[in-house]
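Trainee: I am new to this structure. Please take me through a close look at one part, the contacts between side chains, and then at what surrounds it.

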Amino acid sequence: YFTFFRRWIINYPTLLHLLPLIGIPSLLMTTLRDRTLLVCLGTLVGMPIHWLAFWLRGNRREQAAWAWVLSLIAFTSSRFAFSTIVPLWWDKYTTILGIVVGTIAAVVLGRTLKVEERDVIVPEKPSTMLDYIFGLGFGSLLFLSHWVLSAHGIFARWIDLDPFPVGILMLLSMVLGLVISNQPFVRSWSWYFIACVSGPALICPLLPNKIAIIFGFIIICYLTSIWNVSIKDLSTYARIVRSLAVSGIVYLFGNLAVIWSVAYCFVPPGTGGPFMRERSGQVFCIFLTLVGLTYYKSPQEKTGKKKIQPVWPPKKVLIVLVVILLL
């Protein structure tokens, strides 16, 4: 299924990366409806870019995984510098600059992607159930990354701390997560268990806020560190279309759960508004637990020959990371 769509995606990467740019000029629209529709359209046509990363060969897929984490760090740090405002929509000049930079990046990326790197051999899948398991885990990871990693002051506001300088420590936690993402212990159950325990500890009212925020930094580091292994395992052991469809549904329900817990008085009657009242903390802990499903150790990896993997990010990734921090 979706063979034609997949081939179209991997054969026209330049066009694929240019299409989402139509959502950037939304700030220049005159009405809120037009702005919303343009952003939604850009997001819709941008989703195949994520599919492209899963269908590429090993080296390119790994580069895409690093690019996702680097872009997340760059986005959060830029919002920190602009007081949580997205710099792309600061004014019309930054919007035009974003279109220019995005166009150049799309053209360069499309022209450097070789044909042999797009011709993906789909591996044999061990189990249909894994499609749903990986989809559930990756959707949870995507939701939490969007919720708590895209702004520097989320955890600080939860426990009544000032986003500055807590936001700086949050960004450093994301950097640490990227640096350790190739370490073997990232796949361990102990790292996952530490993250799961840190969730309730962060929102525990019995802990002083300056102690609780330490657990928040651990969660940020954990979420950032597992992006690389999650993309690798999902593209290796699961059917991409089915898993990403499940991920999208999970991501949607996660956002609805947050909306229901905050706007419980304004949701349609009979849809659980009173039950979800002020339950953002519980929603957070549930999805944090589900994130562990997004990476997997197969029996072949345990019993077969182990391929030596680098334990540190590539040099180019570290250079880009330093540039982001300096800017």
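Mentor: What follows goes from charged pairs to ring pairs, then to one helix and one surface patch.

Keep in mind that this is a predicted model. Begin with charge. Side chains of opposite charge can pair when their charged atoms come close. A search of the whole structure turns up four salt bridges.

Look at D131. One salt bridge joins R239 to D131, with the closest N and O atoms 2.9 Å apart. R239 sits in the loop between α12 (227-237) and α13 (240-262), while D131 sits in helix α7 (residues 128-148), so this pair ties together parts that are 108 residues apart in sequence. D131 also forms a salt bridge with R242, and here the closest N and O atoms are 3.2 Å apart. R242 belongs to helix α13 and D131 to helix α7, so the pair ties together parts 111 residues apart in sequence. Shared partners join D131, R239 and R242 into one network.

How covered are these residues? D131 is buried, at a relative accessible area of 0%. R239 is partly exposed, at 32%. R242 is partly exposed too, at 31%. So a buried acid meets two partly exposed partners.

Now take another salt bridge, between D34 and R33. Their closest N and O atoms are 3.5 Å apart. R33 is exposed, with a relative accessible area of 61%. D34 is partly exposed, with 25%.

Turn to the rings. The structure holds 13 aromatic pairs. One of them is W68 with W227: the ring centres are 5.6 Å apart and the planes stand at 85°, so the pair is edge-to-face. This pair links distant parts of the chain, with W68 in helix α4 (residues 58-81) and W227 in helix α12, 159 residues apart. W68 is buried, at a relative accessible area of 16%. W227 is buried as well, at 7%.

Next come F155 and F284. Their ring centres are 5.7 Å apart and their planes are at 80°, so this pair is also edge-to-face. F155 lies in helix α8 and F284 in helix α14, so the pair ties together parts that are 129 residues apart in sequence. Both are covered: F155 is buried at 5% relative accessible area, and F284 is buried at 0%. The two also belong to a cluster. Ring pairs link F143, W147, F155, W158, F284 and F287.

Helices α8 and α14 come up again at helix α10. What covers the buried residues of α10 includes α8 (154-158), α11 (209-225) and α14 (280-290). Which residues of α10 are buried? They are W191, Y192, A195, S198, G199, A201 and L202. Spacing helps in reading such a list. An α-helix has 3.6 residues a turn, so residues three or four places apart point the same way. The length of α10 can be checked too. At 1.5 Å a residue, its 15 residues (189-203) should span 21 Å; the end C-alpha atoms are 22 Å apart, which agrees.

Finish at the surface. I249, L252, F253, L256 and I259 make a nonpolar surface patch of about 470 Å². I249 is found in helix α13. That is also the helix that holds R242 of the charged network.

Key
Residues are numbered from 1 along each chain as its sequence is written. This is a predicted model: local features need pLDDT of at least 70, side-chain atom pairs count only at pLDDT 80 or more; totals for chains, interfaces and linings use all residues. Side-chain values use heavy atoms; hydrogens and water are left out. A salt bridge is a side-chain nitrogen of Lys or Arg within 4 Å of a carboxyl oxygen of Asp or Glu. Buried means under 20% relative accessible area, exposed over 50%, partly exposed in between (1.4 Å probe, protein chains only). Helices (H or I, at least four residues) and strands (E, at least two) are DSSP runs, numbered from the N terminus. The expected span of a helix is 1.5 Å times one less than its number of residues. Contact means heavy atoms within 4.5 Å. Patches are made of residues with over 30% relative accessible area and no salt bridge: like charges are joined within 9 Å, nonpolar side chains (Val, Leu, Ile, Met, Phe, Trp, Tyr) within 5 Å. Accessible areas come from the Shrake-Rupley method with a 1.4 Å probe; for residues, only the protein chains shown count as cover. Rings of Phe, Tyr and Trp (its six-membered ring) pair if their centres lie within 6.5 Å; planes under 30 degrees apart count as stacked, over 60 as edge-to-face and the rest as tilted.
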